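Here are my notes, as promised, for when you have the model open. They go point by point, so you can click along as you read.

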Amino acid sequence: MLAVEGLVKRFGGFTAVNKVSFDVAKGEILGLIGPNGSGKSTIFNLLSGTLPPSAGSIRFDGREIAGLAPHRIINAGVGRTFQIPRPFRRLSIFENVALAGYFGQDRHSRTKAYDSAERALAMVGLPTDRHATVDGLGAAGLKKLELAKAIATGPKLLLADESLGGLDESEMDQAAAMLRKIRDELGITIIWVEHIMGVLMKVVDRVMVIDHGEKIAEGLPHEVSSDPRVIEVYLGTDAEATQAVAQARR
Amino acid sequence: MQAFLEIFDIYLLEAVINGILLGGVLALLALGLNLIFGVIDVTWICYAELVMIGMYGMYFLVSTYHVPYWAAAPLCILLVAGVGALLHLVVIQPLLSAPPINQLLATGGVLFFLQSLATVCFGIDFRNLGIQLPVLGVGEMNFSYARLLAFGAALVGISAVYVFMNRTYTGTAIRAIAQDRHIMPLMGVDARRIYIITSAIGGGLAGLASCLLVLQYDVHPFVGLSFGPITFLICVLGGLGNFFGGFVAAFVFAEIISLGGLFSDLEWGYVLAFGFFILMMFIRPGGLLARRS
């Protein structure tokens, strides 16, 4: 479904992403992990068109999408959520999602926007009442809204930037279960970015590890978590992550 | 003494009502300028020059080409809407990420460019449509139909924009993009298209105003100066980008002008209005409706 070849992003003399290649199969959940500043967010920005790549190719459903404007990539079927939720606070929850539903799909239609907004809100468990405001939502609620907006654009591939740092353990598990449900019920392929490994490992089919802009490991969760290079990257850099590696192995 | 008071009251009432009628057109202009500022975050200092273009458009269509007024008006609205979109494409779009002062100076440049261009093309003659609408007499008060029409049409225009902004997805996107410029493309919205539509609406409102003002004022290259500064000050007084604040401030300004003019020359109304503005900048710098900090 997605084929990335030799993706490079340079900022001046600094190479943030260096010749990264990977494939994502239809219906798969791919975990993308790496320490802070490893380049995983940059990869997301390249995939969603927020940044143009310096080199490389991104083929989605056989079509080259590298360097397209972000709204074209969304319309092609690649949805995205943000690590920090950015809702429109002056619009209602429903308006936020319906707006994504209207403009996100290739052919703008009012009824389709309405339907997809209702479905997306029901999916993530937010009120479908037309006047509920964003202000009442907590951290977990805002994440759900972010997901609902992305789902409403009708993606075939969802780029989920789900730093779960702000959530407690049960909320993390809920969020992970939600992603799985989205894949299972809507058939949406997912790439999930996260820097905490534990919760991610329970849900994903495959994991790719990025460090200093390069892919250092790729494979099934238990293979990757016992890979010495991965352990080296996580050891000492992030105590929580190390613990998570240990947890995942068990 | 009694008789004097009665006459005075009639004049006072007439001035209050004329103030309201004037407020309608000012509110229309303020909405256009606020829309551009609120959505694109750029102030069109040259906004009233779009009105000037529209008034010339009306003049030539009606006087030279003998197009009936009712047919010329929509053409003119479209013309100025097009000018608004063009202004965005040619001047604003390349400066979107430039410092605000550069954007301000660039649109200021457009102001003088358009004034000079109009002088070169049309000369400094004062021209008018030659349409004289009758006057409505109510008791001893007189109201010109031109003003009544202007007020009514301005309110229709404002309502149309309100409905568009609240009932359509494009309108919702316009309201939303004002809150977060960078997130919109990731919801599938082509931000450039939204900006061009917004600019065309802003231009269209100036076009509508020009159709109405051309019935009351002569056209000349500097006619924009009669409306530009006051529109800008109304927007600042209402809180730049605050649609409702601009609406209220337009009527406050119009009443000061109208009532101030009652006691002496019309120009005194403007003196008082601008004086009031300066005073308000000390008292409520964030605008009339700003929350007290």
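The points below cover the sheets of chain A, the contact between the chains, and a helix pair in chain B.

1. First, a caution: this is a predicted model, and local features are described where pLDDT is at least 70. Side-chain atom pairs count only at pLDDT 80 or more.

2. Start with the four-stranded sheet in chain A. The sheet is open, antiparallel, and ordered S2-S1-S4-S5. Strands S2 (14–24) and S5 (63–64) of chain A are at the edges with a single partner each, so one side of each has no neighbour in the sheet. The link between S4 (residues 55–60) and S5 of chain A consists of 2 bridges, and these strands run antiparallel. To find that pairing on screen, look for A:Arg59, which sits opposite A:Glu64 of S5(A).

3. The other chain A sheet is also worth tracing. It is open too, with 6 strands in the order S6-S7-S8-S3-S9-S10 and mixed pairing. At its edges are S6 (78–81) and S10 (214–219) of chain A, which pair on one side only. From one strand to the next, the twist averages 15°.

4. Both senses of pairing can be seen in that sheet. As background, strands of a sheet pair through backbone hydrogen bonds, and they can do so parallel or antiparallel. On the parallel side, 4 bridges connect S6(A) with S7 (residues 157–161) of chain A, and A:Val78 faces A:Leu157 of S7(A). On the antiparallel side, S9(A) and S10(A) pair over 5 bridges, with A:Val207 opposite A:Gly219 in S10(A). S9(A) and S10(A) make a hairpin with 2 residues between them, and A:His212 in the turn has a positive phi of about 45°.

5. Which strands does H1(A) touch in the six-stranded sheet? H1(A) packs on S3 (29–33), S6, S7, S8 (189–194) and S9 (206–211) of chain A, and its direction makes about 145° with that of S7(A). Helix H1 (residues 40–48) of chain A also lies across S1 (2–11), S2 and S4 of chain A, at about 65° to S2(A). So much for one helix; both sheets are in its list of contacts.

6. H5 of chain A (residues 139–152) lies across S6 and S7 of chain A and runs at about 170° to S6(A). Its 14 residues reach 20 Å from first C-alpha to last, close to the 20 Å expected at 1.5 Å a residue. H5(A) is mostly covered, with 10 of its 14 residues buried. Note that the buried set is not just greasy side chains: A:Lys143, A:Lys144, A:Glu146 and A:Lys149 are among them, alongside residues including A:Leu145 and A:Ile151. The cover includes S6, H3, H4, S7 and H6 (169–186) of chain A. Just past the helix, A:Gly154 has a positive phi of about 65°.

7. Now for the contact between the chains. Chain A puts 22 residues in contact with 14 residues of chain B. Helices H2 (70–76), H3 (93–104) and H4 (110–124) of chain A each supply at least two residues of that side, and H3(A) gives the largest share, 6 residues. By type, the chain A side divides into 10 nonpolar, 5 polar and 7 charged residues.

8. In chain B, have a look at H2 (residues 47–64), whose 18 residues reach 26 Å, close to the 26 Å expected at 1.5 Å a residue. H2(B) is mostly covered, with 15 of its 18 residues buried, and B:His66, which follows the helix, has a positive phi near 55°. H2(B) packs against H3 (residues 69–92) of chain B at about 145°, with the axes 9 Å apart, in a right-handed crossing. Residues of this contact include B:Gly54 and B:Gly57 of H2(B) and B:Leu79 and B:Gly84 of H3(B). The contact divides into 12 nonpolar, 3 polar and no charged residues.

9. Buried or exposed: which is B:Gly84? With 27 other C-beta atoms within 10 Å, B:Gly84 is buried. B:Gly84 is in helix H3 of chain B. Beyond its neighbours within four places in sequence, B:Gly84 contacts B:Leu50, B:Ser199, B:Ala200, B:Gly202, B:Gly203, B:Gly204 and B:Ala206.

Methods. Residues are numbered from 1 along each chain as its sequence is written. Chains are lettered from A and ligands numbered from 1 in the order in which they are written. Two strands pair if DSSP finds at least two bridges between them. Two residues are in contact if their C-beta atoms, placed from the backbone, lie within 7 Å. Axes are lines fitted to C-alpha atoms, for helices over the stretch in contact, and angles run from 0 to 180 degrees between N-to-C directions. Ala, Val, Leu, Ile, Met, Phe, Trp, Tyr, Cys and Pro count as nonpolar, Asp, Glu, Lys and Arg as charged, and the others, Gly among them, as polar. The expected span of a helix is 1.5 Å times one less than its number of residues. A residue is buried if 20 or more other C-beta atoms lie within 10 Å of its own, exposed if 12 or fewer, and partly exposed in between; C-beta atoms are placed from the backbone. A crossing is left-handed if the near helix is turned anticlockwise from the far one by less than a right angle, and right-handed if clockwise.
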